[in-house]
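Here is a friendly walk through one protein model, from its overall layout to a few individual residues. Please keep the sequence and the structure open as you read.

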Amino acid sequence: QATRLKELPYSSFDGDDDDDDTAEQDPGVWYPDPPKLSPFSHCVRYLAFLWNLLFLLLGLLILAVGVWGMLAKSPLPGGERGVPLGSDPMLLFVLAGLGASVVSLAGCLGTVRASPCLLRFFLGAVLAFGGLEVLGGLLLLLARRRLRDALRDLLLLCLLRYQEDPDLQFLVDEVQRSLQCCGLESYRDWESNPYFNCSAPGVQACGVPASCCQDPLENGSVPNAQCGFGVLGLGAAAARALVHPGGCEAALAAWLRGQAGAIAAGATALVLVEAVGALMALRVLGDITAVRARW
């Protein structure tokens, strides 16, 4: 007598639908018992779904922050954006959030629907991201001198575009305020900014941002946005009494050297998190393949 096998989805191999499957089968044909998954396989499957769901929500949050940051910038009178799209820092949030959301969604759907195609896509994307992170870390170690030059160029760009990009303005103010520094090498570097140059027509001419001030608060509580006005026109001694004289290049490099251990630990934790997600997806994919082979 011929034996015919009936293909069932992976989600039905948990032993809960035996009665329904038996009712649908042809009584004249012999069917083998459906293979059952172990409790550990069920646990891994649920954990993989929750794991990907968590990162899906995180990716959507990062994407929303990036989109909000790009839309919140007021356009110019002609309707054009004040910051080119390609150089907008918020574009990094959009791309990172979009990539994390797509990969995590593939992991969620691949786990729920038992789709080998989606799970393989998820595994490939996670391995690609992990490989790029490891490669980037090695390049940073091998090209530390070039990284220092790139950091200098980035700080100079932030200094020149301070008034044009709200994100860069916020970043520069936070760095100068937290590291107690001003400018690239000294507070005199703000002369290269067209708005703070002494020949500029505005009220900020010959001044520096308020984040450079040693005491940016008036009466100890009210922020004083004008504490840096006219500093570039003062003598060195008078200016040092009002603003931080040291530049941010050396201060930021020293801070990065001090945080090297924390940065390495964070990068290692990120790679381990991705490895755990990949291992769970690999286990689910292996269960799907084994169940289909037995069935």
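Let us start inside a helix. V284 sits in helix α9, and with a relative accessible area of 1% it is buried. The C-alpha atoms of V284 and G110 are 9.2 Å apart, although 174 residues separate the two along the chain. Please bear in mind that this is a predicted model, and that the values below are computed from it.

Helix α9 also holds D287. Is D287 buried or exposed? D287 is buried, because its relative accessible area of 10% falls under the 20% cut-off. D287 and R45 are 242 residues apart in sequence, while their C-alpha atoms are 9.5 Å apart in space.

**Overall layout**

Stepping back, the protein chain has nine helices and two strands. In sequence order, the elements follow the pattern α-α-α-α-α-α-β-β-α-α-α. The chain has 295 residues, of which 33% count as buried. Among the contacts with a separation of 6 or more, 70% are between residues 24 or more positions apart.

**The largest pocket**

Rolling a probe the size of a water molecule over the atoms shows where empty space is left. In this model, the largest pocket holds about 960 Å³ of space. Its lining is made of 21 residues, and those closest to the pocket centre are L140, L141, L147, A260 and I263. Which elements give two or more residues to this lining? They are α4 (116-142), α5 (144-160), α8 (248-258) and α9 (260-294). Helix α9, already met as the home of V284 and D287, supplies the largest share of the lining, with seven residues. By class, the lining of the largest pocket has 15 nonpolar, two polar and four charged residues.

**Helix α6 against helix α8**

Two packed helices are described by the angle between their axes and the distance between the axes. For α6 (residues 166-179) and α8, the axes come within 10 Å and cross at roughly 75°. This crossing angle makes α6 roughly perpendicular to α8, because angles of 65 to 115 degrees fall in that class. From α6, the contact draws on V175, Q176 and L179, and from α8 on C248, A251, L252 and W255. What classes of residue meet here? The contact of α6 with α8 has six nonpolar residues, one polar residue and no charged ones.

**Around C212 and H244**

One of the α6 residues in that contact, Q176, also leads to the next region. C212 lies in the loop between α6 and β1, and its C-alpha is 6.1 Å from that of Q176, with their positions 36 residues apart in sequence. C212 is buried, with a relative accessible area of 0%. Leaving aside residues up to four places away in sequence, C212 touches Q176, C181, C182, W190, V243 and H244.

H244 belongs to the loop between α7 (236-240) and α8. At 12% relative accessibility, H244 is counted as buried. Beyond residues up to four places away in sequence, H244 touches Q180, C181, C182, Y187, C212, C213 and Q214. C181 and C182 thus appear among the residues touched by C212 and among those touched by H244. The C-alpha atoms of H244 and Q214 are 6.0 Å apart, with the residues 30 places apart along the chain.

**Two residues with positive phi**

Most residues other than glycine have a negative phi, and most peptide bonds are trans. Against that background, A114 has a positive phi of about 55° although it is not a glycine, and C206 likewise is not a glycine but has a positive phi of about 65°. Both are in loops, A114 in the one between α3 (90-113) and α4, and C206 in the one between α6 and β1 (217-218). C206 therefore shares its loop with C212. The table sets out the two residues.

| Residue | Phi | Relative accessible area |
|---|---|---|
| A114 | about 55° | 3%, buried |
| C206 | about 65° | 16%, buried |

Conventions:
Residues numbered from 1 in each chain as written. Predicted model: local features only at pLDDT ≥ 70, side-chain atom pairs only at ≥ 80, totals over all residues. Heavy atoms only, no water. 1 Å grid on protein atoms, 1.4 Å probe; cavity = no way out; pocket = protein on both sides within 12 Å on 5 of 7 lines; lining within 4 Å. Points joined across faces, edges and corners; volume = space filled by probe spheres on them. Helix = DSSP H or I, 4+ residues; strand = E, 2+ residues; numbered from the N terminus. Nonpolar A, V, L, I, M, F, W, Y, C, P; charged D, E, K, R; others polar. Axes fitted to C-alpha atoms, helices over the stretch in contact; angles between N-to-C directions. Parallel < 35°, antiparallel > 145°, perpendicular 65-115°, else oblique. Contact = heavy atoms within 4.5 Å. Buried < 20%, exposed > 50% of the residue type's maximum accessible area, 1.4 Å probe, protein only.
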